[in-house]
Each structure stands twice: as structure tokens, then as C-alpha cells.
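Please open the structure in your viewer and keep the sequence panel beside it. This tour suggests, stop by stop, what to select and what to look for there.

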Amino acid sequence: MASEPSLQDRAKAAFWPPCTHLTDRDLWPPVEILGAGGSHLHLADGRRVLDGISSWWCKALGHRHPDLLAALTEQAGRFDHVIAAGTVNEPVVRLCERLVAVAGGRAATVFLAGDGSTGMEIALKMALQFQAQTGHPGRTRIACLENAYHGETVATLAVSDCALYRAPFAAWCFPGTVLTGAPYRSGPTDPAWLDAGREWPGIRAQLDAVAGELAAVVVEPVLQGAGGMRVYSPDLLTRLRAWCDAHGVLLIADEIAAGMGRCGAWLGSQLAPNAGADLTVLSKGLTGGMLPLAATVVSRRVQEAFAGTWDSGRSFLHSNTYCGHALAVAVAHAALDALAPLLPDIQRRGEGLRARLAEVARTTGALGPVRGVGFVAAADLLAPDAIPSRLGQRICRAALAHGAFLRPLGSTLYLLPPLNASDAELDALAESLGRAVADVARSAERQLGIGGAPSDD
Ligand SMILES: Cc1ncc(COP(=O)(O)O)c(C=O)c1O
């Protein structure tokens, strides 16, 4: 009698996982999850491992947070989802009001969507239409920073600078400007943290060269996630804000990874004075990662450019079925409540996280200097080419055996735990990574020269 196929075999046949080389499933079979709670994932083999990257950076409050679950259940008892065009409900309006308050500065109104890429695409579309409707139809170009990542739709890939994800679709990506020479820093303890003066003339020259064509400049404020967990001086944001205002260009802040407390404030842009964007996009931590939701927070100036009767052609006729999903909105209210008391301590606790990673770097000798901001710590593997490739992947896989679920970004290793992870959990996370690095370094030395697949995520 034929035996039942294993879950791994069924998954290989039926489930196409995100951002995964399909053959990697033979090398590193995905771990089976039975449950999760707080900072931990519960595996089918009985182990409990720390979610060291907050499930792609969204579980700001850990798994199954009781307040979020309660909000979800309570709302489900009333209604789950209702079309957002032609209807309104008090919780969705109050959430938009709260997000306008969180964003502060120029924020006036909110457009909701289901995921970060869509929220970004909404911001890009609004910027293009804003320019056309205010007498500048020739302003169609978007500038982004080197190593930028803004999502996976074609338009968001077009304004990203991550070749690994963008290259197969380059033919469809509209032309843009990638600003090089970003003022990268190690973090808030860097002496040049609040000063991008050295790099600014070079960036300004690149902007000046395309000033008349630009619709918007788009940035991930302070923290660039997928492009390598890089951190740059918040002073760049203040300078970009002033330059955009002087040249009729909108500033778009992609706060999907950096916002909702991850950088130690509600928004990454709030680490700099006078840096508020015209369009601010939130997602991930917005619902504590419990349900998909994105918010594009829009300035008064942009909102006003869309005022007009039905025959004016000035309407923003974007729609997504799940705009304003009531369950996600209810959970977002609970997430805002639960995040607020954590914010004041994030920068201090983040320094502790970085100190723990620095200790891993010191004891293993395998990592370069530690960088980060808020509750993020990252470091690059030293000389990744000197040993068989896929090293980051192998280290993260080895970390599972020591109690942590991690994913590398190429040869960058990073820790991005839930914002409410305990100090004991941070100790355990760093220890898991340290042991994994030591394990792999030992086996890599043994295998030196054997070769392997090209290095990537
Ligand atoms: C800065 C940034 N922008 C956009 C996105 C895309 O968001 P989503 O995966 O929800 O589409 C991400 C996701 O990691 C991100 O980090």
C-alpha cells in the first residue's frame, strides 16, 4: 500500500513559498509550525524557537497578543468586512484620525489598503496624479536612494534598488533616479549621526540634475530593511524635505518597516526635525502583524489637489476589495494602544540588543561592526567569499538548532525581535546566533574550497 505523502512533499507540490529558491526546500526543509505565542514559534517536533525577525518584521508585539486577539474577537461579533465605498463606520474613521495624529506635521487624511506594496503603490499613483492635476504633467520621475526597497509590485520594484528582486522585471520598470552616496552610519551612537553635511552636496547635485522632471522622492526613513539593514543619518531627511519644498517635489516616506515604533518613535522620520512627508505609508506593525493592513497618510496639499466634481477627472479612483477591513482596523486600534507605552524605552533597549550582537561579533570573530537603530541590530559576515557560499543561510538554519528562527539578507545577519521581547529572550536570541555562527564557521573551515551555490537570500 502506498504511504501517505509527507507534509514536506505535499508542500513542494502545492505551496509556492515567498522569496525562496524552490530547490532550497530540499536543502533546508521549511519548519512546520503548530502554534505561536509571544516571541516564540512552536514547531511540530516539540521545540519552541524565538522568532528573531518578528516574522518579516511585522510582529511588533509578538504572536497572539491577548489585547489584539480580544479586539479581533470583539469586532468579529459585530461585522467582519463591509465594502468601504459608500459605507462608513466609527472604528475606521477613528483609526484614520489616530494615524493622522501619529504622523503629525502635514498629515490630513488616510487611504487604506491591504499590504505594504499596495500602500506604496497608492502613494506613487497619488504623487503622479497630484503633479498632473497641479499643472506639472511632465513631472513623472521618481527618485529613490541606493539600496532602497519599496515592495514587490512592478511600480514599487521600479523605485527600488535591489537587483536581486528587480532584475527579472527590469523591462517593465519605468525609468527613475537612484541617488548614490547615502550618509550611512552605524546608528545613534555614531558621532556623525545627526549630520549628513558631508554627503549632501553629492546627493543634491543628483537631485538638481532631474529637478524639473521629478514627481517625488521616496525614502525608507533612516532604516533600509531589505537592502541590507542599513542605517543612515536622519539629517538627510531634513535636507530632502527642504529640497523637495523648494523644487515642487513631493516627499514619500515608506515607513512600512521603519514605522510603528521600530526605530524608537512612531515614525522613522520623527528622528529628524522638519522631515514630515507629504505621503507616509504604514503597514507591518500597524496591526502588530496580526492581520494585513496598510495606510497611506496624505497631506492636506495632496488631498486638496483631488477635490472636484465627478466630471473634473481629478478623482483618485483606486480601489482594493479589502480597503478598511474591519477586523484589521479593530486590531490596529489595539496595536496602537499596546505600542504606545513601549516607545520611550525602545532606543535604550535597542542599544542593549546591539551590544549583544557586538558580543557575538567579538567572540566569533566572524562579523563586522554592528549597526542599527531602534530595535534592530545588524552586522555583515566578514570575508563571506572566502568560505563556501550561502553562509548566511546556513548560519540562520543552524540557529534553529540553538533556539532561534532567523533569515539572512545575503551575508548580512540581523536581529529584529518583537518590541516587547524580554531581556532574557534577547540574551537567548544572541546566544543562539553566536552558537550558530561558531558551528558554521567550524564546518566551513573544514569544507573550505568545496564551492557552492551563488550567495543570496
Ligand atoms: C520598506 C518596505 N516597503 C515595502 C514593503 C512591502 O510590504 P508588503 O510585503 O506588505 O507588500 C516592505 C516589506 O518588507 C518594506 O520593508
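The stops below go from the whole chain to its domains, then to sheets, a helix, a ligand and a few single residues.

**The whole chain**

Before selecting anything, bear in mind that this is a predicted model. With everything shown as a cartoon, you are looking at a protein with 15 helices and 15 strands, and its C-alpha trace spans about 70 × 55 × 45 Å along the principal axes. A compact globule of 457 residues would have a radius of gyration near 23 Å, and the value of 22 Å for the protein agrees with that. If you colour by burial, buried residues make up 48% of the 457 residues. Among the contacts with a separation of 6 or more, 73% are between residues 24 or more positions apart.

**The two domains**

Next, select 7-64 together with 343-447 as domain 1, and 82-324 as domain 2, and give each its own colour. The centres of domain 1 and domain 2, taken over C-alpha atoms, are separated by 28 Å. Where they meet, 24 residues of domain 1 are in contact with 21 residues of domain 2. On the domain 1 side of this meeting, helix 3 (54-57), helix 13 (346-364) and strand 15 (412-415) each supply at least two residues, and helix 13 gives the largest share, with 4 residues. By class, the residues on that side of domain 1 divide into 14 nonpolar, 7 polar and 3 charged.

**A single residue in helix 3**

While helix 3 is still highlighted, pick S54, which has its place in that helix. Its phi is near 45°, a positive value in a residue other than glycine. S54 counts as buried because 25 C-beta neighbours lie inside 10 Å, where 20 or more are needed for that label.

**An open sheet of four strands**

Now show the open sheet whose 4 strands run in the order 1-2-3-14, with mixed pairing. Strand 1 (33-37) and strand 14 (404-405) stand at its edges with a single partner strand each, so one side of each is left without a neighbour in the sheet. Strand 1 pairs with strand 2 (residues 40-43) in the antiparallel sense over 4 bridges, and you can locate this pairing by selecting A36, whose bridge partner in strand 2 is L41.

**Helix 14**

Select residues 391-401 to see helix 14, which is mostly covered, with 9 of its 11 residues buried. Among the buried residues of helix 14 are L391, I395, C396 and A399, along with R394 and R397. After helix 14 comes G403, which has a positive phi near 100°.

**Strand 5 and its partners**

Then select residues 141-145, which form strand 5; here 5 of the 5 residues are buried, so the strand is largely enclosed by the rest of the structure. Turn strand 5 to view both faces, and you will find R141, A143 and L145 buried on one side, with I142 and C144 buried on the other. Strand 5 pairs with strand 7 in the parallel sense over 4 bridges, and it also pairs with strand 6 (residues 177-179) in the parallel sense, over 3 bridges. A143 is a useful residue to pick here, since it stands opposite V217 in strand 7 and has T177 as its bridge partner in strand 6.

**Around the ligand**

Show the ligand next, together with the 15 residues around it, of which D115, G116, S117, G151 and A257 come nearest. The largest share of this shell, 3 residues, comes from helix 6 (residues 116-133). Sorted by class, the shell holds 5 nonpolar, 6 polar and 4 charged residues.

**Two loop residues to finish**

Which loop holds K284? Look between strand 11 (279-282) and strand 12 (294-299), where K284 lies, and note that it has a positive phi of about 45° although it is not a glycine. K284 counts as buried because it has 27 C-beta neighbours inside 10 Å.

For the last stop, move to the loop between helix 9 (200-210) and strand 7 (214-219) and pick A211. Is A211 buried or partly exposed? With 17 C-beta neighbours inside 10 Å, A211 counts as partly exposed. If you add I33 to the selection and draw a distance from C-alpha to C-alpha, A211 and I33 are 50 Å apart in space and 178 residues apart in sequence.

Notes. Residues are numbered from 1 along each chain as its sequence is written. This is a predicted model: local features need pLDDT of at least 70, side-chain atom pairs count only at pLDDT 80 or more; totals for chains, interfaces and linings use all residues. A residue is near a molecule or strand if its C-beta atom, placed from the backbone, lies within 6 Å of it. Ala, Val, Leu, Ile, Met, Phe, Trp, Tyr, Cys and Pro count as nonpolar, Asp, Glu, Lys and Arg as charged, and the others, Gly among them, as polar. A residue is buried if 20 or more other C-beta atoms lie within 10 Å of its own, exposed if 12 or fewer, and partly exposed in between; C-beta atoms are placed from the backbone. Domain bounds come from an automatic or database domain assignment. Two residues are in contact if their C-beta atoms, placed from the backbone, lie within 7 Å. Two strands pair if DSSP finds at least two bridges between them. The radius of gyration is taken over C-alpha atoms; the globule rule is 2.2 Å times the number of residues to the power 0.38.
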